[in-house]
Amino acid sequence: MSGDTQKKLTIFDLQDKVDRGEKIFQVTAVDFPSAQLVDRSGVDCILIGDSLGMTALGYSSTVPVTMDEMIHHAKAISRAASRSILVGDLPLGAYHSSHSEAISNAMRMVKEGGADVVKIEGGEEFAATAKAVVDAGIPVMAHIGLTPQLISKLGGFRVQGKSAEAGAQLVADALALEAAGCFAIVLEAIPDRVATLITEKLRIPTIGIGAGPGCDGQNLVLHDMVGLFDRFAPKFAKKYADCWGLITKALDEFQDEVKNGQFPMKEHSFSMSDEDYAAFLDSISKK
Ligand code: KIV
C-alpha cells in the first residue's frame, strides 16, 4: 500500500475509518529515514515510541529514556512525516509527579518535537492525568496492558490481564481512559478475547499490539517488523523482512570486494586529465 496524497490525517480520520469498518495502522519509527518510509507507506499513525530507547539507543528497556531524548528523535521524525498522525510518547517520569508536569511535557512534545498528539501509559490511575492534558488542548492516546515503562512493577515483559480479575481491571481502565477524553487506546500484550471485548465496549478506537485481531487497528515497531533489532523478538512481532541479514551481507561483500580489488571501480572514482596530471607531477618534482 502507498500513501495516496499528502493530505495530513487527523484523529477524526481514525474514527471515520473505524466507522467505515476499516483497520487503523500504527507503526513505531525512530528517525528521519524510518519515518519517511512509514509515512510514505500510507499508515495512519507514526508512533514516536519510547521503544526507541531499545531499538535506537541500546538501552535494555524503555525505563531510562528521557524527555530530551524523545524530543531529539521526535524532531527528526516530524521533519520526515507529512501525512501520518504523529503520536509522541511521554517517557517514564514525564507525567508522573503532577498534572502540570504532564501538561508541560505534552506541550514540549507538540511544540518542540512536532508531534500532533501524545501517548501515555497507565490505567485508570492515570485517567485524571490524561484528562488534564486533554483539557489543556492536546489529544491523548492511552496505553494499557503491558506498559513497558512499568516492567519492574509488572515483573518483566509479560502478558497482562490473563486472570478474570486482571481482565476486568483492564476493562475498567479502558472505560476510565475513554471517559477522561482519550481519543484512542493501545492494548499491548493482552488475551485476544479480552481485547475484543474492550473494543466492543469502547466508542474510541483500540489499537492492538499482541492483542489479537479483534482490535480496531494494529501497531508494530518498524525495527521488529523488518528485522533490525536482534536482542529479542516478542511473540507478537511478525518479521516481514530480514534487514539485519541484508545489511550484514552488504558489509561482508564490501570488505571482500575491497580485499579482492573489486571496489572501488572506475565508476566510483574521480579522474584528472593527462595534461593536468603531468603538470601535477612536474609541480611536486620541483618541491
Ligand atoms: O514505544 C512503543 O513503540 C510503543 C508500542 C509498543 C505501542 O509504545
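**Exercise 1.** Is A233 buried or exposed?

Solution. This is a predicted model, and the answer rests on a computed value.
Step 1. Locate the residue: A233 is in the loop between α10 (222-225) and α11 (243-260).
Step 2. Take its relative accessibility, which is 66%.
Step 3. Compare this with the cut-off: exposed means over 50% relative accessible area. A233 therefore counts as exposed, at 66%.
Step 4. Add a distance. A233 and A172 are 61 residues apart along the chain, and 30 Å separates their C-alpha atoms.

**Exercise 2.** Classify K75 by its relative accessibility.

Solution.
Step 1. K75 belongs to helix α4, which covers residues 67-80.
Step 2. The relative accessibility of K75 is 34%.
Step 3. Buried means under 20%, exposed means over 50%, and partly exposed lies in between. Because its value is 34%, K75 counts as partly exposed.
Step 4. Compare sequence and space: from K75 to S104 there are 29 residues in sequence, and the C-alpha atoms are 17 Å apart.

**Exercise 3.** Describe the setting of N219, starting from its secondary structure.

Solution.
Step 1. N219 is part of strand β8.
Step 2. With a relative accessible area of 4%, N219 is buried, since the cut-off for buried is under 20%.
Step 3. Look for a partner of the side chain. The side chains of N219 and Q26 are joined by a polar contact of 2.7 Å.
Step 4. Place the strand: β8 (217-221) supplies at least two residues of the shell around the ligand, and so does β6 (184-188).

**Exercise 4.** Where does the ligand sit, and which residues come nearest to it?

Solution.
Step 1. The ligand occupies the largest pocket.
Step 2. There are 13 residues around the ligand, and the nearest are T28, G49, D50, S51 and K119.
Step 3. Sort the shell by residue type: four are nonpolar, five are polar and four are charged.
Step 4. List polar side-chain atoms that lie close to oxygen atoms of the ligand.
- For S51, the distance from a polar side-chain atom to a ligand oxygen is 2.7 Å.
- For K119, an N or O atom of the side chain is 3.0 Å from an oxygen atom of the ligand.
- For D89, a polar side-chain atom is 3.3 Å from an oxygen atom of the ligand.

Step 5. Consider the surface. The ligand taken alone exposes 260 Å², and the protein buries 96% of that.

**Exercise 5.** Which residue is joined to P264 by a cis peptide bond, and what is the sign of phi at A189?

Solution.
Step 1. The cis peptide bond joins F263 and P264, with omega at about 0°.
Step 2. P264 falls in the loop between α11 and α12 (274-285).
Step 3. At A189 phi is positive, about 50°, although this residue is not a glycine.
Step 4. A189 is in the loop between β6 and α9 (192-201).
Step 5. Its relative accessible area is 5%, so A189 is buried.

**Exercise 6.** How many helices and strands does the chain have?

Solution.
Step 1. The secondary structure comes to 12 helices and eight strands.
Step 2. The chain has 287 residues, and 46% of them are buried.
Step 3. For the overall dimensions, use the principal axes: the C-alpha atoms fill a box of roughly 85 × 40 × 35 Å.

How values were computed:
Residues numbered from 1 in each chain as written. Predicted model: local features only at pLDDT ≥ 70, side-chain atom pairs only at ≥ 80, totals over all residues. Heavy atoms only, no water. Near = heavy atom within 4 Å. Polar contact = N/O pair within 3.5 Å; in protein donor to acceptor, adjacent residues only side chain to side chain. Areas by Shrake-Rupley, 256 points an atom, 1.4 Å probe, with all protein chains shown as cover. 1 Å grid on protein atoms, 1.4 Å probe; cavity = no way out; pocket = protein on both sides within 12 Å on 5 of 7 lines; lining within 4 Å. Sits in = over half its atoms within 2 Å of the grid points. Helix = DSSP H or I, 4+ residues; strand = E, 2+ residues; numbered from the N terminus. Nonpolar A, V, L, I, M, F, W, Y, C, P; charged D, E, K, R; others polar. Buried < 20%, exposed > 50% of the residue type's maximum accessible area, 1.4 Å probe, protein only.
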